[in-house]
Amino acid sequence: MVDKLVNSEANARRIAMVENCFGNSGQPLAVPGRVLVGEGVLTKMCRKKPKTRQFYLFNDILVYGNIIINKKKYNKQHIIPLEEVKLESIEDDPRGYQHGWLIKTASKSFAVYAATAIEKGEWMAHINKCIDDLLRKSGKKAVAEHAAVWVPDNKAPVCMHCEKTQFTLINRRHHCRKCGAVVCGPCSSKRFLLPHQSSKPLRVCLRCYDQLSGAKANNMTDQAQKGNNQDSSGEEDSDDDDDTQKGQDMAHDLYAVTEMPRWYQWGSTYSHIINNRESNSSTDCISCLNISIR
């Protein structure tokens, strides 16, 4: 079905609308062979707190951005090639976040949450379908190494390495770019070259540094050692420093998103499954949806 709609007017119109919503802050998305598969709002777990984000799934990329005016204006566009993506389901927390999964890539990994188990199943099935089709057509293999998911700041009142240092305005939190742990400055004073994430040496905790240097001692150059006082680790999450989003965050808490995702491909095959399986777990939904779209 995707192949039939590659050159359709409806697909071109949808992609043009996405480009218009991002305006000058986004990159052009209309390229030969690209199809918009679906769209919807998900809650992304950012470094400081969860925030709602608009997501667009294409047959070759996943795009998301900050919501300024719903369905009209977005900014801070992020584009993730699906060839790099691996999904991993997150077990529901009865006291907290539910219907979530990890989106893992070589350079960045993060958690997202849907409003319901059904929506989670739809998103994961559609994304996996696009990934499988893309890898099959290109003949490429899935990426083996993925970036760690950062532990949210509020989950670590003290350093996760020494378990002694309490974080304050003076004692800042840092994230190990290898394991994602929240650590203090002294426990993350080393840098190591992680080629899949950056061309510069990145901040890592002492435990990961020992493991990495032991596996490949020559990875750290003399120049990188001299630059230990320069923070090239990209500590800030670009989704966390958006002041224009504050009002949006107050209006959209984790489970306040009521708008259902829209699917332009494969979506019709879900109707009878959703009606019959609303009481089932998200795992069952994902399994069933995967079978239905193959």
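Lys-140 is partly exposed in this predicted model, with a relative accessibility of 48%. Its side chain meets that of Glu-83 in a salt bridge, with an N to O distance of 3.2 Å. Because Glu-83 lies in the loop between β4 (73–81) and β5 (86–89), while Lys-140 belongs to the loop between α3 and β8, the pair ties together parts that are 57 residues apart in sequence. Glu-83, for its part, has a relative accessible area of 25% and is therefore partly exposed as well, since that class begins where buried, under 20%, ends.

The loop between α3 (117–138) and β8 (174–175) also holds Asp-153, whose side chain forms a salt bridge with that of Arg-47 at 3.1 Å, N to O. Arg-47 sits in the loop between β1 (36–45) and β2 (50–58), so this contact ties together parts that are 106 residues apart in sequence. Both Asp-153 and Arg-47 are buried.

Within helix α3 itself, Asp-133 and Lys-129 are four residues apart, which corresponds to about one turn of the helix, and they form a salt bridge in which the closest N and O atoms are 3.6 Å apart. Asp-133 and Lys-129 are both buried, and together with Arg-136 they are linked in a network of salt bridges.

The pairs described here are among the seven salt bridges that the structure holds. As a general matter, side chains of opposite charge can pair when their charged atoms come close.

Note on methods:
Residues numbered from 1 in each chain as written. Predicted model: local features only at pLDDT ≥ 70, side-chain atom pairs only at ≥ 80, totals over all residues. Heavy atoms only, no water. Salt bridge = Lys/Arg side-chain N within 4 Å of Asp/Glu carboxyl O. Helix = DSSP H or I, 4+ residues; strand = E, 2+ residues; numbered from the N terminus. Buried < 20%, exposed > 50% of the residue type's maximum accessible area, 1.4 Å probe, protein only.
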